[in-house]
Amino acid sequence: MQLELRHLQAVCRIAEAGSLGGAARRLGVSQPALSAQLRRIERVTGGELFVRGRSGVEPTALGQFVLAKARRVLSEMDALGAEARAISTGTPLRLGCILLVLLDGLLAQTDQSMSGQEITVDLEDSVTALARMLGAGQYDAIVYGEVNDHEVPLPQGAHARTLVSKEPFCIRLSAKHPLAALDRIDLADLADESWMTLVEDDDGGPEALVGACAKAGFSPSLRYRITDRKMHYDLIAAGRAISLSQPTAPPAEGTVMRPIIGAPITGRIRLAWNRSAVSAGQARLLYRAAARAYLANVDNNAFHKAWWDAHPEAHPAAD
């Protein structure tokens, strides 16, 4: 038997998962089948690649050597595919996004940063769908959000970078609301309100909202789920609902935005891409474009600008 790329991928997945069972699930094969494949690989390499440790399987010295070589080969193969695709003519880069404030600016920034590279952009309501479509090759890159401690599982072959490590969600409410006169709002004071539910229901947002409200002593009345921005804002301006909002959201007539005391709900924005479809250079350009699109909205609300200036650790990485 000769080693093939799938064998190198299997070795890497075992090391990443720390167990044969976890690696088998990631690879979509049964554990016995993966175990048998590992034994065949070990016959070719001449010895054991993994031993069982306290926290799962751990690579042997030989395993460490094979892993280093495997990762280098797989990285080169990813780069080969991505760079060949980048220089081919008539092949657009397919970008998928959820509804984030930076989306409007991102379109302009990618046009400016990646001139000559055709880009198609689609909007999805589900982060899970975005990740699945990235794995299926329907998207080459995705921009998505995660709330509090929630982590979106990414498909094999994807790489991700955090764009904004933390932003505290705030409340949008009617300008005529009694609490609108306050600089900050205590979540407990919103117990009797009707809430807009979040557009995405699989990014950890709904769980974070319900959990934060439970700690504040109430269960939120999730009455509306409206994606149309104008209708969304009109209902809030009329005093019929309130909503969580990204702190970079623009002003809307008849509404105000206020930070929540204690910042119990925070968001994180990430960029992920398929390494076999997006070159390292393209990924850097996408990251820079997304960073500029986010930064263009930081001044939308003075309270967030003050928070942002005081938390440089949340800023996009210099690249």
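This dialogue goes through the sheets, a helix pair and the cysteines of a predicted model.

Reader: What holds the strands of a sheet together?

Author: In general, strands of a sheet pair through backbone hydrogen bonds, and the pairing is either parallel or antiparallel. In this structure, one open sheet has 5 strands, in the order β4-β3-β5-β12-β6, and its pairing is mixed.

Reader: Which are the edge strands of this sheet?

Author: An edge strand pairs on one side only, and here that describes β4 (119-123) and β6 (158-168). Averaged over neighbouring strands and ignoring direction, the turn of one against the next is 20°.

Reader: How many bridges join β3 to β4?

Author: Strand β3, residues 93-97, is joined to β4 by 5 bridges, and the two run parallel. One residue pair to look for is R94 with its bridge partner T120 in β4.

Reader: Which helix packs on the sheet, touching β3?

Author: That is α9, residues 280-295, which also touches β5 (141-147), β6 and β12 (266-274). The direction of α9 makes about 15° with that of β6.

Reader: What is the order of the strands in the antiparallel sheet?

Author: The order is β10-β7-β11, in an open sheet of 3 strands. Its edges are β10 (243-245) and β11 (255-259). Neighbouring strands are turned by 40° on average, again with direction ignored. Between β7 (residues 170-174) and β11 there are 5 bridges, and I171 has R258 of β11 as its bridge partner.

Reader: Which helix lies across β7, β10 and β11?

Author: Helix α8, residues 229-237, lies across them and runs at about 70° to β7.

Reader: At what angle do α2 and α3 pack?

Author: Helix α2 (residues 20-27) and helix α3 (residues 31-45) pack at about 105°, and their axes are 9 Å apart. Angles from 65 to 115 degrees count as roughly perpendicular, so α2 is roughly perpendicular to α3.

Reader: Which residues make the contact?

Author: From α2 come L20, G21, A23, A24 and L27, and from α3 come Q31, L34, S35 and L38. By type, the contact of α2 with α3 has 6 nonpolar residues, 3 polar and no charged.

Reader: How many disulfides does a search of the whole structure find?

Author: The search finds 0.

Reader: Is C12 buried or exposed?

Author: A residue counts as buried under 20% relative accessible area. C12 has a value of 1%, so C12 is buried. C97 is buried too, with a relative accessible area of 1%.

Methods. Residues are numbered from 1 along each chain as its sequence is written. This is a predicted model: local features need pLDDT of at least 70, side-chain atom pairs count only at pLDDT 80 or more; totals for chains, interfaces and linings use all residues. Side-chain values use heavy atoms; hydrogens and water are left out. Two strands pair if DSSP finds at least two bridges between them. Helices (H or I, at least four residues) and strands (E, at least two) are DSSP runs, numbered from the N terminus. Axes are lines fitted to C-alpha atoms, for helices over the stretch in contact, and angles run from 0 to 180 degrees between N-to-C directions. Contact means heavy atoms within 4.5 Å. Angles under 35 degrees count as roughly parallel, over 145 as roughly antiparallel, 65 to 115 as roughly perpendicular and the rest as oblique. Ala, Val, Leu, Ile, Met, Phe, Trp, Tyr, Cys and Pro count as nonpolar, Asp, Glu, Lys and Arg as charged, and the others, Gly among them, as polar. A disulfide is a pair of cysteine sulfur atoms within 2.5 Å. Buried means under 20% relative accessible area, exposed over 50%, partly exposed in between (1.4 Å probe, protein chains only).
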